[in-house]
Amino acid sequence: MTRYFLGAAAGAGLTLACAAALVAQPVIGEATLDVSRLDGQTVPVVFSLSRPAADAAPAATAVWVFAKFQNAAGGWQDVRWAADGHSIRSEGGATDLIARPATGSFFIPGLFLEPADGEAPSGSWTVELLWDFSTSQIDMPEGGYPLLVIGIDMVLIPEGQFTVGDGRDSEETSTLIGPDDGPLMIDSEDEITVGEGEDLDYAPSDYGGDRAGPIPIAYPKGYGAFYVMRRELTEGQYAAFLSTLSGRGLASRDITTNPAYRESGGTIRVGDTITVDQPERPASFITWADAIGWTAWAGLRPMTELEFEKIARGPDAYGVEAILGGRWERVVTLGTPEGRSFTGSHGLGFVDELAQPFTFLNADWPGPMALGSGFRGGFGLDTFTTAGNRVYGAYDATYGGENEGFRAVRTAPEGADQP
């Protein structure tokens, strides 16, 4: 399995050591600060990026790039990017890429590097992204800062209508039901009424939800374009998160303290340094609290039930891997008031002292106790591997196990789904 590789770029500037060199972890790499081009507000962050053609990525694949720097006190802070001025140079016959800054936040916590012409991305590139350090209200010292650059494979799910549910005659447990007793067409982000005879209904189950509503306009329904992680959260990606934490934050998010983690084959080790033997391995024993902590740190957001169904029912699942038949996917449920209050706010790239999202910044998210979350997908029984089954759609489990996975999403910037 291959992914984007980030590495040190050649050229002028100060090469900074990656503080979390995780045994060739492919989504973390060194970068160069070109301090010769510092203008008092921005400085170029330069790195190399490559993807083998053999990876067979979907044409809609992008890489979400974000970064952290180690401040003078030894703590890690988020890098905030300029709105423009970024450049990507293709090497040889590589696909042309463009940098599309994220929108919808107070500042820019990350950028999407995506194909300019709709082709599947492959080749090698030299990337120069402008760090707007003035937004962090810091000065850039002559020697720069230790820098950590992270890239995550994402797939663009285009704007458009789709159906959810399998109808009243279905044997799927707690499947969604439209007004004509068949599937429901989602053709806008408008409010959806819930209940017998309304826009949407679903069969009762112990963990399916309260069958109440409405589902507000602000709840992300999947009609609008969004990016989703192509693969589940990996041990390497989670270890990178841990490597930027300390004290109570590290203790709170350390999944390796669960004895079952090591027994199940987990390879992250937490000591004086954070190491991981199998960075590509899907992360296990991730609780909802762990998941939202990582998501806020990465500048992403949780996925809703309706977004899950759009992906799962799309053509070849849009190239998103193991969305069905893999592990249970943690989602924001439509089956409880706490889930329906989700408005799709994004993480801003930083967390509180317990490595959780700041409550006042992401007040719409289901909190660490998981109320408002649920599970979709899963495996073990044939019925669980279908798109419509939501027997645990509102199951607010606080624990993490070997069979629960996670992947985050981000609402697409305007125009992202246009050629």
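In this predicted model, the buried residues of helix α4 are W288, A289, D290, A291, I292, G293, W294, T295, A296, W297 and A298. That adds up to a mostly covered helix, with 11 of its 11 residues buried. The helix itself spans residues 288-298, and both of its ends have something to show. At the N-terminal end, T287 acts as a cap, placing a side-chain oxygen 3.3 Å from the backbone nitrogen of A289. At the other end, G299 comes just after α4 and takes a positive phi of about 75 degrees.

Part of the surroundings of α4 is another helix. A pair of packed helices is described by two values, the angle between the axes and the distance between them. For helix α1 (residues 235-243) and α4, the angle is about 75 degrees and the axes lie 11 Å apart. Angles from 65 to 115 degrees count as roughly perpendicular, so α1 is roughly perpendicular to α4. On the α1 side, the contact is made by Q237, Y238, A240 and F241; on the α4 side, D290, G293, W294 and W297 take part. Sorted by type, the residues of this contact come out as 5 nonpolar, 2 polar and 1 charged. The α4 residues that meet α1, such as W294 and W297, also appear among the buried residues of that helix.

Moving on to the strands, β17 covers residues 226-229 and has side chains pointing both ways. F226 and V228 point one way, Y227 and M229 point the other way, and all of them are buried. What does β17 pair with? One partner is strand β12 (residues 147-157), which runs antiparallel to β17 and is joined to it by 4 bridges. Within that pairing, F226 of β17 has I157 standing opposite. Strand β23 (residues 409-411) is another partner, again in the antiparallel sense, this time over 3 bridges. Here Y227 has R410 of β23 as its bridge partner.

A last stop is E305, which is found in helix α5 (residues 305-313). Is E305 buried or exposed? Its relative accessibility is 0%, and because buried means under 20%, E305 counts as buried. Its contacts, leaving aside neighbours within four places in sequence, include a run of residues further along the chain: V331, V332, T333, L334 and G335. E305 is also in contact with Y219, R376, R390 and G393.

Notes. Residues are numbered from 1 along each chain as its sequence is written. This is a predicted model: local features need pLDDT of at least 70, side-chain atom pairs count only at pLDDT 80 or more; totals for chains, interfaces and linings use all residues. Side-chain values use heavy atoms; hydrogens and water are left out. Helices (H or I, at least four residues) and strands (E, at least two) are DSSP runs, numbered from the N terminus. Buried means under 20% relative accessible area, exposed over 50%, partly exposed in between (1.4 Å probe, protein chains only). Contact means heavy atoms within 4.5 Å. Two strands pair if DSSP finds at least two bridges between them. Axes are lines fitted to C-alpha atoms, for helices over the stretch in contact, and angles run from 0 to 180 degrees between N-to-C directions. Angles under 35 degrees count as roughly parallel, over 145 as roughly antiparallel, 65 to 115 as roughly perpendicular and the rest as oblique. Ala, Val, Leu, Ile, Met, Phe, Trp, Tyr, Cys and Pro count as nonpolar, Asp, Glu, Lys and Arg as charged, and the others, Gly among them, as polar. A polar contact is a pair of N or O atoms within 3.5 Å; within protein, one must be able to donate a hydrogen and the other to accept it, and residues adjacent in sequence count only if both atoms are side-chain atoms.
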